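Colleague: Before we discuss this protein, could you put the sequence and the model on the screen, so that I can follow along with my questions?

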Amino acid sequence: MKYDIVVVGGRVSGSIASLYASKNDMNVLMIEKHQEIGTPVQCAGGVSKSFLDTLEIKLSPDIICSKIKGAKLHSPQGDYFTSTNEILHGYILERKMLDKSLAMKSAEAGTDIMLKTHVKDLIINKGRVEGVIARNQGKLIEIPAQVVIGADGIESQIARIAQLNHGYEPIDLVSCAQYEMVGLDVESSMMEFFFGSKIAPGGYVWIFPKGEQRANVGVGVRNTEKAAIHYLEKFISRFNATKIELNVGAVPVCGPSNKTYGNGILITGDAAGQVDPITGGGIHLASICSKLAGEIAAEAIKNEDLSADYLQQYEQEWQQKISKNLERSFKYRQIFDKLNDQDLNKLIQFFNKNDVESLSTLSLWKLALGFPKLFKSLKNIL
Ligand SMILES: Cc1cc2nc3c(=O)[nH]c(=O)nc-3n(C[C@H](O)[C@H](O)[C@H](O)COP(=O)(O)OP(=O)(O)OC[C@H]3O[C@@H](n4cnc5c(N)ncnc54)[C@H](O)[C@@H]3O)c2cc1C
């Protein structure tokens, strides 16, 4: 077995990186440690409207559970504000079907896929990554490759072995737990978010509708003694609905890794921390960055230059596309971190009373003047 490119991880980043590498005439292997692509799910499936344009792939209608036209934001004391701002428009996708469908597209483009195969190590020769060592059916196998792409998620072994790991602190991670539930009285085109230190310290609760009476109900918390599931159970006790699936996982919300390339190696998606720090959304960013990873790995091979110097193009390009937004989101998250329950109550009351649909600079200034505590932080953004 010998490949041009080995991609480790078979979900959104892995499938998109391998798809674009295969489309560029590379001989590609994608390796997934689970026995099925897309499970267990670790996602709520929410994406912005523009995701489908970025993807450049027509998705089967079954993957789109609902079209979103807005959101309700609930304050700790129980008020809520409804927004239909275009920024909130998007879709709730059936994530396991999305991942499987992307893997199928990649396979159709020529990618080989190995399931139930756990990559344990990298083959490294004189500081250059030259393949992977994986456990398959109880045996360790060496798979040489010209470039390895680590698309193996937040706990990326590949990033750690290649010394590209982020080194997350507990405060950098949101721990999440989510139930898919049926029998829920939800508006099928509105997401709901609930804030408050008792409901979700350091994070929020989400309800993402997946059609008639069906929704993902999840909670993300940061730096808490109790696990996310504790807060989730407490929250859902208000519903008379039935759980049909439990998902748990963590999301990095501290911005991307400092370095995402090396000699013969690239990392992408959650493995590279390419996640929006305020929403925790990673699907759209992963699809932008992993497409670049697949294309640039292919270019490097065609140009017979697998050096870190050449592959750093990947970092330059993804930074050009998403860094500004990530930096702004990170600032918003820092402001959010400073808000206590009283601030959140006041904020949602303010949103209710004022026309902030356009989120104009003027409305933000008005907000800042009403909240001296926020003034200093907002000044940095406006
Ligand atoms: C509860 C929750 C809800 C979320 N909701 C949303 C949302 O609504 N919208 C959104 O945009 N984002 C959401 N996210 C974030 C989003 O799920 C991630 O950003 C996205 O899945 C990243 O994709 P990825 O392919 O990079 O990594 P992953 O989805 O983590 O995939 C990595 C893959 O690599 C495999 N793997 C790992 N190690 C190895 C190994 N050594 N060998 C072989 N295979 C390996 C894993 O099995 C896995 O299949 C959510 C996250 C969580 C935890």
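Colleague: How many bridges join β4 to strand β7?

Modeller: A word on the basis comes first: this is a predicted model, in which local features need pLDDT of at least 70, side-chain atom pairs count only at pLDDT 80 or more, and totals for chains, interfaces and linings use all residues. Residues are numbered from 1 along each chain as its sequence is written. Strands (E, at least two residues) and helices (H or I, at least four) are DSSP runs numbered from the N terminus, and two strands pair if DSSP finds at least two bridges between them. Strand β7 (residues 90–93) runs antiparallel to β4, and Lys67 has Tyr91 of β7 as its bridge partner; the number of bridges joining the two strands is four.

Colleague: Which strands stand at the edges of the open sheet, and why is one side of each left without a neighbour?

Modeller: The open sheet has three strands in the order β3-β7-β4, with antiparallel pairing. Each edge strand has a single partner strand, so one side of it is left without a neighbour in the sheet, and these strands are β3 (46–48) and β4 (64–68).

Colleague: Which element gives the largest share of the shell around the ligand?

Modeller: Of the 40 residues around the ligand (C-beta atom, placed from the backbone, within 6 Å of it), Gly9, Gly153, Gly249, Gly269 and Gly282 come nearest. The shell divides into 15 nonpolar, 20 polar and five charged residues, where Ala, Val, Leu, Ile, Met, Phe, Trp, Tyr, Cys and Pro count as nonpolar, Asp, Glu, Lys and Arg as charged, and the others, Gly among them, as polar. Among the elements that give two or more residues are α1 (12–23) and α6 (283–302), but the largest share, four residues, comes from β16.

Colleague: At what angle do α1 and α6 pack?

Modeller: The contact between these helices, counted where C-beta atoms placed from the backbone lie within 7 Å, includes Ile16 and Tyr20 of α1 and Ser290 and Ala297 of α6. Its residues divide into eleven nonpolar, five polar and two charged. With axes taken as lines fitted to C-alpha atoms over the stretch in contact, and angles running from 0 to 180 degrees between N-to-C directions, the helix axes lie 7 Å apart and the angle is about 35 degrees.

Colleague: How many residues of domain 3 are in contact with domain 2?

Modeller: By an automatic or database domain assignment, domain 2 covers 66–92 + 170–252 and domain 3 covers 339–381. Twelve residues of domain 2 take part, and the number from domain 3 is nine.

Technical notes
Contact = placed C-beta atoms within 7 Å.
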